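Please open the structure in your viewer and keep the selection tool at hand. The stops below are meant to be taken in order.

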Amino acid sequence: MGRTLRFEGLALKDSRRADRRRTRSLLSHLGIEHPRVERFDAHTEDGRADTILDALAAGESIALVSDAGTPLVSDPGAGLVALCRARGQKVVPVPGASAVLTALMGCGLLQSGRFHFFGFVPRSGVARARRFAGEKDRGPMETLLISPAQ
């Protein structure tokens, strides 16, 4: 991971300021001095995609990082990765901690090898019911995320 993240480019991180400080600390620990860490979340993803793609086309290195789990698992960025791939940009995934996979491995119920991941589900009962209503043939194991604040 350190070799992959040892670059002079830009690190994109979600909007929580404390998380960006942790990301800067992690990158500094890996030998990246004065890392540029900028906001990248659901509110900025669409508006920043073209700028990011232009920077990549110009040869800049950009890392989409998360210090709270595996990036793109219930985090913004999947659309950006799809755009990068469509434009022939190299995407190098670096695995990180995944609460979902850890829970599935530890429960002993994943013998079929199939599961359905809902991500973060809506807070209200009506919206939550709508979210599950359109799902068919989900497999024997269903997983979802709920914020600790709920």
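**Stop one: the aromatic rings**

Select phenylalanine 118, which is buried, with a relative accessible area of 5%, where buried means under 20% relative accessible area, exposed over 50% and partly exposed in between, computed with a 1.4 Å probe on protein chains only. This is a predicted model, in which local features need pLDDT of at least 70 and side-chain atom pairs count only at pLDDT 80 or more, whereas totals for chains, interfaces and linings use all residues. Residues are numbered from 1 along each chain as its sequence is written, and side-chain values use heavy atoms, with hydrogens and water left out.

Add phenylalanine 132 to the selection, a residue that is partly exposed at 23% relative accessible area. The count of aromatic pairs comes to one, for which rings of Phe, Tyr and Trp (its six-membered ring) must have centres within 6.5 Å, with planes under 30 degrees apart called stacked, over 60 edge-to-face and the rest tilted. Phenylalanine 118 and phenylalanine 132 form this edge-to-face pair, at 4.5 Å centre to centre and 90° between the planes. The pair links distant parts of the chain, 14 residues apart, from strand β4 (residues 116-120) to helix α6 (residues 125-133); helices (H or I, at least four residues) and strands (E, at least two) are DSSP runs numbered from the N terminus.

**Stop two: arginine 22**

Move to helix α2 (residues 17-29), where arginine 22 lies, and note that arginine 22 is partly exposed at 47% relative accessible area. Then select serine 66, which is 44 residues from arginine 22 in sequence and 9.5 Å away in space, C-alpha to C-alpha.
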